[in-house]
Amino acid sequence: MGKIPVRMKAVIYSLSPFQQQVMSGLWKDLPHKLTKKVSENWLSASLLIGPLLGTHLYVQNYLEREKQHHRF
């Protein structure tokens, strides 16, 4: 009993270049998603944002004082 070769059809999926919306789901309703994540995890968010904001404000204040010091 010999094997009979079966012809396979290739299925190719493609999108039209004019209708591709790869990142649309990411940006859809972004403010609502962010507020939900922050409200659910407000402690973790404050522990992350607090030091970053404090460091940024410290550096800005330091640079401003250094500019004022070298002014005269």
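Q: Let's fix terms: buried means under 20% relative accessible area, exposed means over 50%, and partly exposed is in between (1.4 Å probe, protein chains only). Which of these is Asp 29?
A: Asp 29 is partly exposed, because its relative accessible area is 44%. Keep in mind that this is a predicted model, where local features need pLDDT of at least 70, side-chain atom pairs count only at pLDDT 80 or more, and totals for chains, interfaces and linings use all residues. Residues are numbered from 1 along each chain as its sequence is written, and side-chain values use heavy atoms, with hydrogens and water left out.

Q: Where is Asp 29?
A: Asp 29 sits in the loop between helix 1 and helix 2 (30-40). Helices here are DSSP runs of H or I with at least four residues, strands are E runs of at least two, and both are numbered from the N terminus.

Q: What is the phi of Asp 29?
A: Positive, about 60°, even though Asp 29 is not a glycine. Most residues other than glycine have a negative phi.

Q: OK, zooming out, how many helices and strands does the protein chain have?
A: There are 3 helices and 0 strands, so the order from the N terminus is α-α-α.

Q: And where is confidence lowest and highest?
A: Helix 1 (residues 24-27) is lowest with a mean of 77, while helix 3 is highest at 93. That's pLDDT, the predictor's confidence in each residue, from 0 to 100. The protein chain averages 84, and 88% of the residues reach at least 70.

Q: How much of the chain is buried?
A: Just 1% of the 72 residues. About 8000 Å² is exposed, with carbon and sulfur atoms supplying 65% of that; areas come from the Shrake-Rupley method with a 1.4 Å probe, and for residues only the protein chains shown count as cover.

Q: Which residues make the nonpolar surface patch?
A: Leu 48, Ile 49, Leu 52, Leu 53 and Leu 57, giving about 510 Å². Patches take residues with over 30% relative accessible area and no salt bridge, joining like charges within 9 Å and nonpolar side chains (Val, Leu, Ile, Met, Phe, Trp, Tyr) within 5 Å. Leu 52 is in helix 3 (residues 42-69) and is exposed at 56%.

Q: How many salt bridges in the whole structure?
A: A search finds 1, counting a side-chain nitrogen of Lys or Arg within 4 Å of a carboxyl oxygen of Asp or Glu. Glu 64 and Lys 67 form it, at 3.5 Å from N to O. Both are in helix 3, 3 residues apart, about one turn of the helix.

Q: Are those two exposed or partly exposed?
A: Glu 64 is partly exposed, as its relative accessibility is 36%, while Lys 67 is exposed at 56%.

Q: New topic: how many aromatic pairs?
A: There is 1 aromatic pair. Tyr 58 and Tyr 62 have ring centres 6.4 Å apart and planes at 25°, so they count as stacked. Rings of Phe, Tyr and Trp (its six-membered ring) pair if centres lie within 6.5 Å; planes under 30 degrees apart are stacked, over 60 edge-to-face, and the rest tilted.

Q: How far apart are Tyr 58 and Tyr 62 in helix 3?
A: 4 residues, so about one helical turn separates them. Tyr 58 is exposed at 53%, and Tyr 62 is partly exposed at 40%.
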